[in-house]
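Subject: Structure for you to look through

Dear colleague,

I am handing over the structure we spoke about, and I would ask you to open it beside this message and follow along as you read. My notes on what was found come after it.

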Amino acid sequence: MILNDLRKALRQNIRDYTMYFLLFVIMAVFTAMTRGLFMSSRNIANLMNQTGYIAVLAVGMTLVIVIRHIDLSVGYLAGFIGAATAIAMTRWGMPGWATIPFALLLGAAAGLVTGFLVARLGIPAFVATLAGWLIYRGLLLMVTMKTGTIIIPDAFFNAIGNGYIPDVFPSESAFLPGLHKLTLLIGLAAIALFSASQIRARKSKQGYGFEVLPLPVFAIKLAFMAFVIGYITWIFAGYNGMSWTAVIVIVVVVVFHFVTTKTVLGRHVYAVGGNPEAAELSGISVKKITFIVFAAMGSLAGLAGVLYASRLQSATTKAGEMFEMDAITAAYIGGVSAGGGVGRIAGSLVGAIVYMSLTSGMNLLSVDISLQYIVRGVVLAAAVIFDVQTRKRRG
Amino acid sequence: MENVRTMSDHILEMRGISKSFPGVKALSDVTFSVRRGEIHCLVGENGAGKSTLMKVLSGVYPHGDFQGDIALDGEVRRFRHIADSEKAGIAIIYQELALVPEMSVYENLFLGHEIRKGSLVDWNATIHQSVALMKRVRLVADPSTKVKDLGVGKQQLVEIAKALSRNVRLLILDEPTAALNEDDCDNLLEILRELKAEGVTSIMISHKLKEVIRIADTVTVLRDGRTICTLDARKGEVSEPVLIKHMVGREIDNVFPPRSKKPGDEVVLEVEGWNAWDRALGRQVLKDVSFKVRRGEIVGFAGLMGSGRTELARSLFGNPDGYRVEGAVRVESTAADFRSPADAIGAGMAYASEDRKRNGLVLIQDVKQNVTLANLRAISKGGVVDSNAEVKVAEDYRKALNIKTPSIDQKVVNLSGGNQQKVSVAKWLFVKPKVLVLDEPTRGIDVGAKYEIYTIMNKLVEEGMSIVMISSELPEVLGMSDRVYVVSAGRVAGELPVAEATQERVMELATS
């Protein structure tokens with residue numbers, strides 16, 4: 001009985017669960033092959049910090065693909081904005097804390113330019129952003145021409161990509177020695193919040209007499225999610241705790257997840273992606289939505305630029321190279337559909353983690369870069385093939 | 001011996017065909033026989049299984065995907081894909097035409113089986129043969145015209161010519177006249193008769209029973225995936241009441257439901273001297289159009305396809321096509337200047353478009369998302385959608401309009417045409433409009449669903465809403481409207497109170 005319910009619930013959301021399953025398999029395989037090194041706290045912490053900028057870009061790219069466009073310019077835009085913040089700090093004396101709003105605004109402005117080309121002038125996004133790709137690449141080279149790599153000395157700035165949140169209790173205390181207590185507390189709070197919101201949603205649905213998951217299945221789902229969140233925080237807590245990068249990524253994902261699933265704006269974005277003409281006739285301005293999505297993408301590119309520059313503690317002439325392709329790959333692994341109107345923010349985060357896990361795991365195993373590219377390509381193709389097949393079956 | 005003779009009489013016999021989709025039995029034990037050289041019409045409500053049956057025949061669903069036998073000329077055939085059935089001389093022409101709009105007529109005619117000279121395409125021979133094919137289907141056009149520059153009626157003829165170029169023996173037409181005006185319909189039916197004289201057998205799926213009666217030698221009625229009966233027109237077995245009775249399994253006494261209330265006097269929508277120019281094509285699409293709509297009134301807009309009725313509705317509804325427009329619009333005596341559909345909706349207008357799949361619904365989204373799409377603000381607070389309120393709204397409309405769907409979480413793409421149309425109507429009712437414009441509200445939907453739509457329309461006007469109905473089906477316009485405007489070539493050719501409007505009078509104006 002429970003098994004049947006469970007199977008039904010799984011089948012209805014097969015695409016979502018498969019992605020988690022894929023992630024689990026990748027992690028299990030690498031853990032076995034590296035004798036546990038892959039799942040070590042230290043490696044996972046590093047992995048998350050490396051995933052940061054791709055995850056942030058993938059979130060924006062998902063929205064762009066949902067409204068049937070593409071943005072090729074974001075890689076070098078991120079690189080250019082990273083360099084711009086470096087210059088702002090080293091030459092104009094901008095304080096480290098101001099770089100994030102600075103990068104977000106600069107990115108949004110760049111996104112609005114793209115939006116203008118696409119929505120107002122009707123230029124295909126592929127072409128408009130290819131032009132952007134060239135222009136931002138040129139701008140990046142131009143601003144770093146005299147200096148080459150710009151070293152960033154600002155401690156606050158460099159902590160964004162390398163630092164960890166402070167602990168409230170000293171780590172030498174007798175209680176749980178060697179573990180990061182604040183991280184554990186955050187994990188517990190997350191579990192509590194998640195469970196409470198799920199239970200509330202279920203109750204409210206029952207109040208209207210709607211169909212809900214059977215109680216045992218619901219309990220299993222809750223317990224499973226609690227375990228996953230708990231396990232991740234446990235691993236984080238075993239090293240330096242939660243990194244600032246992880247905090248930023250979580251904030252971005254939570255905000256965008258909320259906007260896309262709960263707000264009028266989010267619903268308009270998916271309607272425009274699903275059928276732009278029907279959306280327009282329903283009183284939604286397709287142009288406005290296009291502007292907003294490209295501006296959001298630009299802002300996230302700015303943030304990604306900050307994350308990357310901070311991670312390297314410098315702005316380099318090659319920053320941003322291929323980022324756009326990584327982000328597109330992560331979005332597609334995460335289940336976005338090129339046909340428009342389909343794709344979830346949580347999916348793109350998992351897609352980014354899957355993608356970076358592959359890279360990290362293969363690096364640990366010293367797999368040659370040539371083979372790495374091939375493996376990544378196969379995983380991308382497999383994810384999309386699976387996507388197309390499951391969609392077809394459900395008709 | 002008797003058996004062998006009847007078998008060779010039949011070009012096609014489908015026996016005991018059953019086909020299931022997950023959760024639905026689309027066809028159960030269907031028998032369908034077509035005699036050589038006849039025009040055989042296949043009728044039934046939406047979801048009766050007509051299209052599924054034709055897909056089984058053409059190999060879209062390969063052998064093994066269904067139960068039962070298909071025999072051509074008495075010989076059992078197993079089609080694995082469409083190419084197999086094409087080779088056997090079967091051609092299907094779907095409602096959505098399979099032509100390449102950017103290519104010329106002659107390129108389309110021989111697309112996929114080009115005439116070759118060595119390894120190159122022999123364009124001269126192609127054009128030469130195209131002219132002959134076009135003559136056969138009476139298509140008057142330059143063979144080098146791009147298909148996108150032809151009207152729908154002529155595009156249909158290109159499809160038929162294309163089938164002929166492949167030596168078709170069994171031509172299947174799925175709702176060929178749904179998008180055609182009366183002249184094009186007549187022309188098409190005439191061509192089917194000529195092809196019959198040449199020995200081509202045709203199967204025609206149609207909702208238009210008058211046409212069926214005009215053209216069919218034999219009619220098979222499907223209902224709920226079963227063969228109900230096969231009627232022989234030459235024995236006088238086919239008539240409209242008989243067909244409707246078999247299709248719906250019940251008698252419909254009144255095709256149009258009665259209305260209890262008269263319209264009011266107050267003018268809700270007034271348009272004066274409305275002109276529109278299509279910038280891209282550089283031509284005037286609407287000329288000096290004026291009309292009025294009163295509270296609680298159904299105003300019909302009749303006219304031929306391409307007369308400008310849809311252009312009129314869209315240009316008034318916030319002008320999404322970007323025409324250059326000129327003229328005065330007043331909603332409840334307040335001058336209006338709609339810059340976008342959003343403005344028009346805000347002022348109390350709603351427009352349910354004529355092509356619900358292309359620009360009416362978001363097919364990949366579910367029923368509730370489509371119902372609330374145009375008025376999400378009503379169920380949101382601070383920009384956050386209240387999903388419980390949304391479900392409640394959608395459930396209410398599902399019940400009120402009797403939308404047949406397993407649940408409101410079902411994707412709209414999986415619903416039948418009539419139920420999709422109800423979802424589209426529900427979406428517009430939820431914006432609580434003063435004036436609801438319905439563009440071809442019953443196109444491609446079955447008799448039962450039509451009656452339900454009419455009933456809903458009557459209820460709405462009795463509650464004080466005003467409805468503008470654009471329709472190419474004259475009986476519908478005359479049966480439902482209080483007043484009728486006839487549009488012809490972008491002008492209002494005449495206004496008739498319904499008592500004076502006869503089919504003849506309207507057609508006279510429409511062709512003026």
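A search of the whole structure, which is a predicted model, finds 39 salt bridges over all chains. Side chains of opposite charge can pair when their charged atoms come close. A few of these pairs in chain B are worth looking up one by one.

Please begin with Arg36(B) and Asp73(B), whose side chains meet in a salt bridge with 2.6 Å from N to O. Arg36(B) sits in the loop between strand E2 (24-35) and strand E3 (39-43) of chain B, while Asp73(B) sits in the loop between strand E4 (67-72) and strand E5 (75-76), so the pair ties together parts that are 37 residues apart in sequence. Are these two residues buried, exposed or something in between? Arg36(B) is partly exposed, its relative accessible area being 43%, and Asp73(B) also counts as partly exposed, at 33% relative accessibility.

The next pair is Arg138(B) and Glu194(B), which form a salt bridge in which the closest N and O atoms are 2.5 Å apart. Here Arg138(B) belongs to the loop between helix H5 (123-136) and helix H6 (152-165) of chain B, and Glu194(B) belongs to helix H7 (residues 182-197) of chain B, so this salt bridge ties together parts that are 56 residues apart in sequence. Arg138(B) has a relative accessible area of 39% and is partly exposed, and Glu194(B), with 26%, is partly exposed as well.

A further pair joins two strands: the side chains of Arg330(B) and Glu272(B) meet in a salt bridge, with 2.8 Å from N to O. Because Arg330(B) lies in strand E16 (residues 324-331) of chain B and Glu272(B) in strand E13 (residues 267-278) of chain B, the pair ties together parts that are 58 residues apart in sequence. Arg330(B) counts as partly exposed at 25% relative accessibility, and Glu272(B) is partly exposed with a relative accessible area of 38%. Salt bridges can also share partners, and in this way Arg35(B), Glu38(B), Asp232(B) and Arg234(B) are joined into one network.

It may help to step back and consider chain B as a whole. Its secondary structure comes to 18 helices and 24 strands, and its C-alpha atoms fill a box of roughly 75 × 50 × 50 Å along the principal axes. For 512 residues, a compact globule would have a radius of gyration near 24 Å, and chain B agrees with this because its own value is 24 Å. Buried residues make up 52% of the 512 residues in chain B, and, of the contacts with a separation of 6 or more, 67% are between residues 24 or more positions apart.

Where, then, do chain A and chain B meet? The contact takes 25 residues from chain A and 35 residues from chain B, and the two chains bury about 2,300 Å² between them, with 58% of it on carbon and sulfur atoms. On the side of chain A, Val264(A), Arg267(A) and Leu281(A) lose the most area to chain B, and together they account for 31% of what that side buries.

There are two salt bridges between chain A and chain B, and one of them is formed by Glu277(A) with Arg358(B), the closest N and O atoms being 3.2 Å apart. Nine residue pairs are found in polar contact across the interface, both residues being at pLDDT 80 or more. The elements of chain A that give two or more residues to the side touching chain B are helix H8 (181-207), helix H10 (244-262), helix H11 (264-274) and helix H12 (276-281), and H11(A) gives the most, with six residues. By residue type, that side of chain A divides into 10 nonpolar, 10 polar and five charged.

Lastly, two residues of chain A repay a closer look. Ile199(A) lies in helix H8, is partly exposed with a relative accessible area of 37%, and touches Phe218(A) and Leu222(A), leaving aside residues up to four places away in sequence. His180(A) is found in the loop between helix H7 (155-162) and H8 of chain A, and it counts as buried because its relative accessibility is 7%, which is under 20%. With the same residues nearby in sequence left aside, His180(A) touches Ile165(A), Pro166(A), Asp167(A), Ala237(A), Asn240(A) and Gly241(A).

With kind regards

Methods. Residues numbered from 1 in each chain as written. Chains lettered and ligands numbered in written order. Predicted model: local features only at pLDDT ≥ 70, side-chain atom pairs only at ≥ 80, totals over all residues. Heavy atoms only, no water. Contact = heavy atoms within 4.5 Å. Buried area = accessible area lost by both parts, 1.4 Å probe. Salt bridge = Lys/Arg side-chain N within 4 Å of Asp/Glu carboxyl O. Polar contact = N/O pair within 3.5 Å; in protein donor to acceptor, adjacent residues only side chain to side chain. Helix = DSSP H or I, 4+ residues; strand = E, 2+ residues; numbered from the N terminus. Nonpolar A, V, L, I, M, F, W, Y, C, P; charged D, E, K, R; others polar. Rg over C-alpha atoms; globule rule 2.2 N^0.38 Å. Buried < 20%, exposed > 50% of the residue type's maximum accessible area, 1.4 Å probe, protein only.
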